[in-house]
Every structure is written in structure tokens, then in C-alpha cells.
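These are my notes from a first look through this structure, kept in the order in which I looked things up.

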Amino acid sequence: MNDNVLVRVKDLKMHFPIRAGIFGRTVGAVKAVDGVSFDIMKGETLGLVGESGCGKTTTGRAVLRLYEPTSGEVSFRGVELGSQGAEGVRRTRRHMQMIFQDPYASLNPQMRVGEIIARPLRVHGLVKNRREEKELVADIMQKVGLNVSFRDRFPHEFSGGQRQRIGIARALATSPDFIVCDEPISALDVSIQAQIINLLEQLREDLGLTYLFIAHDLSMVRYLSTRVGVMYLGKMMELSGSDELYENPLHPYTKALLSAIPIPDPPLERQRQRTLLAGDPPSPANPPSGCRFSTRCPIAVDHCRKVEPEFREAIEGHWVACHLV
Amino acid sequence: MIDGSSPSSVAEYGRDEPAPRSASRLLEVRDLETKFYTADGIVNALNGISYSVDKGECLAIVGESGSGKTVGVLSILKLIQSPPGRIVGGEILFKGTDLLKLDDRALRKVRGEAISVIFQDPMTSLNPVMRVGAQITENIHAHENLTHRQARAKAADLLGMVGIPTPSRRLDDYPHQFSGGMRQRVMIAMALSCSPQLIIADEPTTALDVTIQAQIVELIKKLQEELGTAVIWISHDLGVVARLADTVAVMYAGHIVEKAPVDELYARPAHPYTIGLLNSLPRLDARVRTKLQTIGGLPPNLLGVLKGCPFVPRCRFATDICREQNPPITEAAPGHAIACWHNQLMS
């Protein structure tokens, strides 16, 4: 395995059973993630984009083994997580943390900020005594731009942006190498989003972090990411270097997605041609046969509806799953 | 809106004498003030805002949560929950009639018939236990004298017009049988049902995915052009606004701080807050990765009276006068009004 690969995801599948009847019989499965493979290199930010229900959040969670995957492998620094057992995974998680989407729901309202940040330190036995813990917490709070004198306050006393800083501080407490950022700015106001993004960038540079950045804001993902993967209905549709993806999108879904994003430039907006997709994404419990995008694809042919396209490297470093590319 | 015939300052607008009104003027809001009387004190949600909408125009009102953009338009139809909310001052002239002076009965005729609203979240604004056909015809029956059969036929036409396939069959479906984007189309059909002259769209695409957002934006743009309906579009997304709006008003802490035609606003933003907002956005079409410019600090708490300009704590141009007096909104260039003591400096 390449030395530079920090996280390797191979054919990851995450199916959630649909139960019905009084005996809870399994009658089907929501195929939230259905065979996704990618590598995350040391020090890079891999962006993961797609619409709601495409499986990007589930992928992020399964990578950290917050879900037990249905099948497939996730390796961290060359070691497969599934082979480690529960205790092994718990110990590895010290090095892989998560920042959650909703800064209101992801902080325990009954815990003080200092305790929230100290919790991972205690769980992983990283501090010897209270004094050391206090120093470390103060240090982390400073790093994320929180006033240290607020350590005894409760989450409800903070604004959304400040709360997201608390979430970031908690993720940083164990000095991880890898952080999954699951839509960390989508609950925040526009003027606050840039503050959090700049903080994440600063921390990545200073601490040598690697991010899996999950978002639906494609402009923000382009800004942050080294490479970007596009998901649709549980499958990876396209994956390439960030600028390459935005300047030379190959998959018809990526093209449509990019053309749907309005650019804050009125004269340019008036000239832009839009590829409007008809209809809504199908249900992941009952995905279409063949290519999953075929039901909404503007260029689909019969073959697309029958045979699922292979995810292949069309141009060096530029992967795509489409028969017609 | 400021045009050639208006006085140079909105602050001068109609205390006693009405401002000159062009024939195409549909709605004119003057010095509108709304407060919420809560247990914690008085929340000054809207501090005297003035704007106008012409026939067929799309005015976008941009601002962050708590800036008063939603309260501002819901006040037009007196849809503010009272108590605790109360409209304490101003005039809302719709084709010359002050809506604030109308009784409930007369106001009900305006709501839904002359002015209608599309709300942000289509799931909570549709009745979950009522078939969508019944929800649309309810509005038609309230305003027009049609038979049940005629109203149903009209409802089906409306659903077809907003792009719902096999509309006559879908009339008997419940809201949960529609996807998010389709539900928003139902809301738009309801809003259009009595051919209003003005539609207020309160962040209608915020709850939707980008490809569905693009569908809804194009739909409203098309309907606006075909039917000549005026639209007030409330949003925090400066991209969507660039696509849709003719005129943009930027709100901050219950004030309109800048207002200009859309091209002018994006090309020459003049208020420090607008400049900050535009600079804090990364662009989809930009390769360069310079650090995003941020607006430091937080929006102010609107509880109690603020002294001076509300943007002072976050403004890098602030001086003594800004801390003392709130700047009136004045016209800095033709059609371009801003509320800032230092606008000349910036231009």
C-alpha cells in the first residue's frame, strides 16, 4: 500500500434493514451506501458532495465505524478496522474524530464546555491529573478561538458559530490525524461560515490534519478540497482533483449539479446555460437497475438502464462511472 | 425603491405628504416598525424600513437569521403573531390603500387574492391530513364564486402549470405522497390560485437540494415573466438572488442597510456589511484559494434599544459618529441607497 494513503475505503456497503409487521420481519433494505471505494491521502482534504439521501453522511460515519458496515473494508494507516475488535477500534478512534453538522444537537446541554472538551482526554487516558487536563483544555480552546474564561459555561450560552468551535475543540482534544467534517457549516449564517472555514484551514496547516469534508455546498467544497468525490444514490459517480472536477466534469450528474449552483454574479448568471434535471432522485430502497442516474440522465441510452457502469479511471487521477464518457 | 422621481433620501419619505408615486408602483412600505413584547423585554425586530415594489418586479430581501427579513414581509399581511408582536408604526400602501388600516374582513380579501405567500418549509405549511386538491380549492372557494367541479378543474390546471405530472390524478394525494420539491410546487400552485399581483416567497428553496432548487427558481422566474406577477424573494443565498432579482435590499438588525439594482449591488457594493458578505463567499468558478474574508463578531441582540449604527461592533470603518447616531438611508448614486456615514469613502 502506498505510504501516503491514510484511509482506504474498499467496496464499502451500508444497508439499513426495513422492518415490517409485528415480528419486525426484514422486508427490504435501504442501500444508503452501495459499494464505494476511495483513498484519502495524508494531509489532503477529500470533499464528498451529493444531494440529501446520496449516502455521503453514512459513508463518513461508516469510515469511523460509527456504523458497522454491511460489507467492505476501511483501513486506517494500513490496518483494517474490522479486524481490530471493538476495543481496538475504540483505541484507533483517538486518531480519527468527527465534527458534526448540527452544533445545537451534538453538544450535551447539561455539560460545561470545559467538560465537553475534556471528555475525550479522559476516555482515552491522555491526562494524568486535573491540572494537566485544565491546561490542555485551555490550550485547545485557544487554538479554536474560544475565550478560555468561558470554560464553565453551558452550550446554550453560545451562538451557533461558537458552538461549532466547541465541537471542533472536542474533535481536536485527542490530537487526531484524521477528522470527518460532516456539513460543519450548513447550520450557520453566511457571515459566520467563513470564520469556521478559515479556522478549519488554519488548523489543517498548523496540525497537519487530514479531512474528509462532507457538504452539499459545492462552492465551499471546491474552495477547501484537494480532491472531490460526487455521490448519487449510494454510489460514487465521479472522483478527481478539485479544479479538474469543476473545470472538466465528465459525468452528466456532476455537470447538472454544477450548473444548478448559482454564482453571485448577475451578468454571468444571465448568460449561463442550465442543465435542469427532471424529477427527483429515486428511493435508495429501490434503486433503478443499471446506472442509478439513468432515470434522470439527459443522455441515457438503453444500455445504461440495463448494465451498471464500472467506476474507472478515464483520465489519470480522474475516475468516473458512466458508459458514455 | 428609489427612482428618478423620488426624494433623495428615504428618510424624507412621507411623514405628512405622500411621496410621488409612479403608475407602475404596486407596493410601497414606509417606515415600517414591528416590535415583539416578550417577557425578557422589547425586541426591536423592524426599525423603520421603507421599500417599494413595481408591477412585475422581483425584489430580493437578503439578510441573515434575525435580520428582520421575514418579519418585514409577514408584517405586510399582518401575519405577525400578536401578542407578542405588534406593528407599531409605518404605512403599507398596496395600490394606494394602506393595508394597516384595513379591518380583518377586508384584509382577508387581500391575502391570497392580491398578495400570496410561499413559505420556507413546504412540509409544515401544508395540512398533512388534507388532500392537496382540497387545500388548493379551499383558497379558490374563499375568493372566487366557482362550483366544486370548476374549482377542481382549476386546481388541476394549476398543478400542471407548476410542472406536476398527471395533475388531475394527484389532486387526491396527501402532502406526504409528494417529494420536497413537488410539495413546494403545490405551495406555488396554491399561491397562484387567485392570480395574485404580488407573491411573497420566504426562502422557498432553503429546504431543498440544489438540483431541485434550480427547478423551483426557474419555475418562479418563468411564471413571473409569463404572468407579470411581482415577487418579493427573501433569501440568504446571494447566488440565487443574482439569478432572480431586479432589485436587492440588504437587511441587518432590522434595518435596510443597502438597496440597489442587482447588477449595481454586486458590482459596487457600498455598505461594509454587503461588502463583507460578498467577500466571504467562495466562488464555484474560481481557482484561486485566497483566504476567505470574514466579518468578525456576531449580529447584535435586538432586545432593547441600540445606539448608533447596528453594524459598528463588526465594522472596520467605524468612527465616533457611527457609535453616536444611526445613519439614515440615503441615495449615494442613482438608484443606489445606503445607510452608512462613510459611503463616500467607500465609493
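Before placing anything in a loop, I note that helices and strands here are DSSP runs, of at least four residues for a helix and at least two for a strand, numbered from the N terminus. I also keep in mind that this is a predicted model.

**Entry: cis peptide bonds in chain B.** I looked up B:Pro83 and found it in the loop between helix H1 (69-74) and strand S4 (85-94) of chain B. The peptide bond that leads from B:Ser82 into B:Pro83 is cis, with omega near -10 degrees. I then followed the chain onward, and the bond from B:Pro83 to B:Pro84 is cis as well, with omega near 10 degrees, while B:Pro84 too has its place in the loop between H1 and S4 of chain B.

**Entry: positive phi in chain B.** I next turned to B:Lys95, which sits in the loop between S4 and strand S5 (97-98) of chain B and has a phi near 50 degrees, a positive value in a residue other than glycine. Is B:Lys95 buried or exposed? I count it as partly exposed, because it has 14 C-beta neighbours inside 10 Å. B:Ser195 has a positive phi near 45 degrees, again in a residue other than glycine, and I found it in the loop between helix H7 (180-192) and strand S7 (198-202) of chain B. With 13 C-beta neighbours inside 10 Å, B:Ser195 therefore counts as partly exposed.

**Entry: two helices of chain B.** I followed helix H4 (residues 132-143) and helix H5 (residues 148-161) of chain B, whose axes come within 9 Å and cross at roughly 115 degrees; the crossing is right-handed. Which residues of H4(B) and H5(B) make the contact? On H4(B) I list B:Gly133, B:Ile136, B:Thr137, B:Ile140 and B:His141, and on H5(B) I list B:Ala151, B:Arg152, B:Lys154, B:Ala155 and B:Leu158. Sorted by class, this contact has five nonpolar, three polar and two charged residues.

**Entry: strands of chain A.** Moving to chain A, I found that strand S1 (residues 5-20) and strand S4 (residues 71-76) run antiparallel and are joined by five bridges, with A:Val9 having A:Val74 of S4(A) as its bridge partner. S4(A) also pairs with strand S5 (residues 79-80) of chain A in the antiparallel sense, over two bridges, and here A:Ser75 has A:Glu80 in S5(A) as its partner. The hairpin of S4(A) and S5(A) has two residues between the strands, and in it A:Arg77 takes a positive phi near 50 degrees.

How values were computed: Residues numbered from 1 in each chain as written. Chains lettered and ligands numbered in written order. Predicted model: local features only at pLDDT ≥ 70, side-chain atom pairs only at ≥ 80, totals over all residues. Axes fitted to C-alpha atoms, helices over the stretch in contact; angles between N-to-C directions. Left-handed = near helix turned anticlockwise from the far one by under 90°. Contact = placed C-beta atoms within 7 Å. Nonpolar A, V, L, I, M, F, W, Y, C, P; charged D, E, K, R; others polar. Buried ≥ 20, exposed ≤ 12 C-beta atoms within 10 Å, placed from the backbone. Pairing = 2+ DSSP bridges.
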